[in-house]
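Q: Please take a close look at the salt bridges of this structure, and then at the surroundings in which they are set. A formal account for a reader new to the structure would be welcome.

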Amino acid sequence: MQIGHTALLCALFWHSYTTLIFAWNLRVFKALSRRKPTADPFISVCVPARNEELSIGTCVHSLLDQTYARYEVMVLNDRSEDATGQILGRFVDDRLTVIHGIEKPADWLGKPWACKQLADRAKGDILLFVDADTWLSKDALERTASAFDTDQTDMATIWPMQKTVGFWENVVVPMVYFSLFTLLPVRYVSDDPKWLPRSLRARFRPMFAAACGQFIAIRRGMYDIIGGHEAVKSDIVEDVALSKAVKAASGSVRMFHGAETVGCRMYRSHSEIWNGFRKNFLAGFGYNIPFFTVAALIHVVAYLLPFAALGTHPRLAVILILIPVVQRVVLAKWYGWKPVYALTHALGVVWFQVLGIRVLADRIFRTKMQWKGRTV
């Protein structure tokens, strides 16, 4: 069966569009500035931790080893069932406060509830929420304070350098960053598109909201204005929901890459990767099944169809196959991943297609899953 030339041309159009976004993002997606902050706001670093015995020690150690002076570290032991509490008990530092979390109300999800408990106790002018599987460079808080030097910044979020160890970590995790770099014009997270009429900019502003929940810093005043984590208490992708709330309140959100300042290892096994993405994959599309389905079809046409066309349209097919591979190599060089895994891009697309079928089945049959000992 011959692969339709029209479908391949559609794939070429898609790659041309995403390549333009990719090139633009490479130019405008910046790290936090190294300049010294002109002010020294008090920063409350808030860490929700549930069953994080493999990472909490590294996280807290990095937080207590900062060049910045005015900050506190607050860790909420969210009713952990492993050695998280014992590890936290080994730290003796006046800047560290360990909070023992209380059981969440039925209408709250676990992470927003943990973050609310932390925010209620925090004293900072800036609240910095970081995940327990992250670690920060020594100057990360200093550079964060610098990002808030102007009144135009109400929220700053960082996409960390992701540490990838096993095969599936190297295949799947970089796909998230590939999607970020090729689909979202990063500039529009902070600045309204000038091509939109002024009368429509406020209405469309939340559509360009984005954030990474592994590192979110927000002014206390803005946090209170939007209702804090209570406003996103039932959102699985609470990070994006916070960003939308800030933008809807006419606040400014700035997004940075963390290749120099923040590291993270999201998952440590294939089952963790699968369940971690399974719980929020459809939520990332706002539970819009038609949109979710169209996105899946686009990925099939753009990234898988060219392999079937190698026999009928070899030159065009090779070009279409190589474009995302080259983009993945560029990202690998930037984030310190192994470039050879760029060759597994199509496998990653297949992996997410299978995951998509699974989450649609979850939605149809109302299947619940367990994550860190809780039903989500």
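A: The account below begins with the salt bridges and then turns to the pocket, the surface patch and some single residues.

This is a predicted model, in which local features need pLDDT of at least 70 and side-chain atom pairs count only at pLDDT 80 or more, while totals for chains, interfaces and linings use all residues. Residues are numbered from 1 along each chain as its sequence is written, and side-chain values use heavy atoms, with hydrogens and water left out.

The structure holds 22 salt bridges, a salt bridge being a side-chain nitrogen of Lys or Arg within 4 Å of a carboxyl oxygen of Asp or Glu. One of them joins Glu-142 to Lys-36, with 2.7 Å between the closest N and O atoms. This pair links distant parts of the chain, since Glu-142 is in helix α5 (residues 140-147) and Lys-36 is in the loop between α1 and β1 (43-49), 106 residues apart. Helices (H or I, at least four residues) and strands (E, at least two) are DSSP runs, numbered from the N terminus. Glu-142 is buried, with a relative accessible area of 11%, whereas Lys-36 counts as exposed at 59%. Here buried means under 20% relative accessible area, exposed means over 50%, and partly exposed lies in between (1.4 Å probe, protein chains only).

A salt bridge also connects Asp-131 and Lys-111, whose closest N and O atoms are 2.8 Å apart. Again the pair links distant parts of the chain: Asp-131 lies in the loop between β4 (126-130) and β5 (134-136), Lys-111 lies in helix α4 (residues 110-121), and 20 residues separate them. Asp-131 is buried at 16% relative accessible area, and Lys-111 is partly exposed at 26%.

Asp-120 and Lys-116 form a further salt bridge, with the closest N and O atoms 3.1 Å apart. These two residues are separated by about one helical turn because they are 4 residues apart in helix α4. Asp-120 is exposed, with a relative accessible area of 51%, and Lys-116 is partly exposed, with 21%. Elsewhere, Arg-34, Asp-139, Arg-143 and Glu-260 are joined into one network by salt bridges that share partners.

The next feature is a pocket. The second largest pocket has a volume of about 390 Å³. A pocket is defined on a 1 Å grid over the protein atoms alone, as an open set of points where a 1.4 Å probe fits, with protein on both sides within 12 Å along at least five of seven lines; lining residues have an atom within 4 Å of a point. Grid points are joined across faces, edges and corners, and the volume is the space filled by probe spheres set on the points. The lining of this pocket comprises 16 residues, and Ile-236, Tyr-287, Arg-363, Thr-367 and Val-376 lie nearest the centre. Helix α14 (residues 345-365) gives the most to this lining, with 3 residues. By type, the lining divides into 8 nonpolar, 2 polar and 6 charged residues. In this division Ala, Val, Leu, Ile, Met, Phe, Trp, Tyr, Cys and Pro count as nonpolar, Asp, Glu, Lys and Arg as charged, and the others, Gly among them, as polar.

On the surface, Leu-26, Phe-307, Leu-310, Val-318, Leu-322, Val-326 and Val-330 form a nonpolar patch with about 530 Å² of accessible area together. Such a patch is made of residues with over 30% relative accessible area and no salt bridge, their nonpolar side chains (Val, Leu, Ile, Met, Phe, Trp, Tyr) being joined within 5 Å. Accessible areas come from the Shrake-Rupley method with a 1.4 Å probe; for residues, only the protein chains shown count as cover. Helix α13 (residues 314-335) gives the most to the patch, with 4 residues. Leu-26 belongs to helix α1 (residues 5-28) and counts as partly exposed at 31% relative accessibility.

Two residues are marked by their backbone angles. Most residues other than glycine have a negative phi. Asn-51, although not a glycine, has a positive phi of about 55°; Asn-51 lies in the loop between β1 and α2 (56-63) and is partly exposed at 22%. Arg-366, also not a glycine, has a positive phi of about 55°. Arg-366 lies in the loop between α14 and β9 (370-371) and is exposed, at 73%.

Finally, Pro-185 lies in the loop between α6 (167-183) and α7 (187-190) and is buried at 13%. Pro-185 and Asn-25 are 160 residues apart in sequence, and their C-alpha atoms are 6.4 Å apart in space.

Notes: Patch = residues over 30% accessible without salt bridge, like charges linked within 9 Å, V, L, I, M, F, W, Y side chains within 5 Å.
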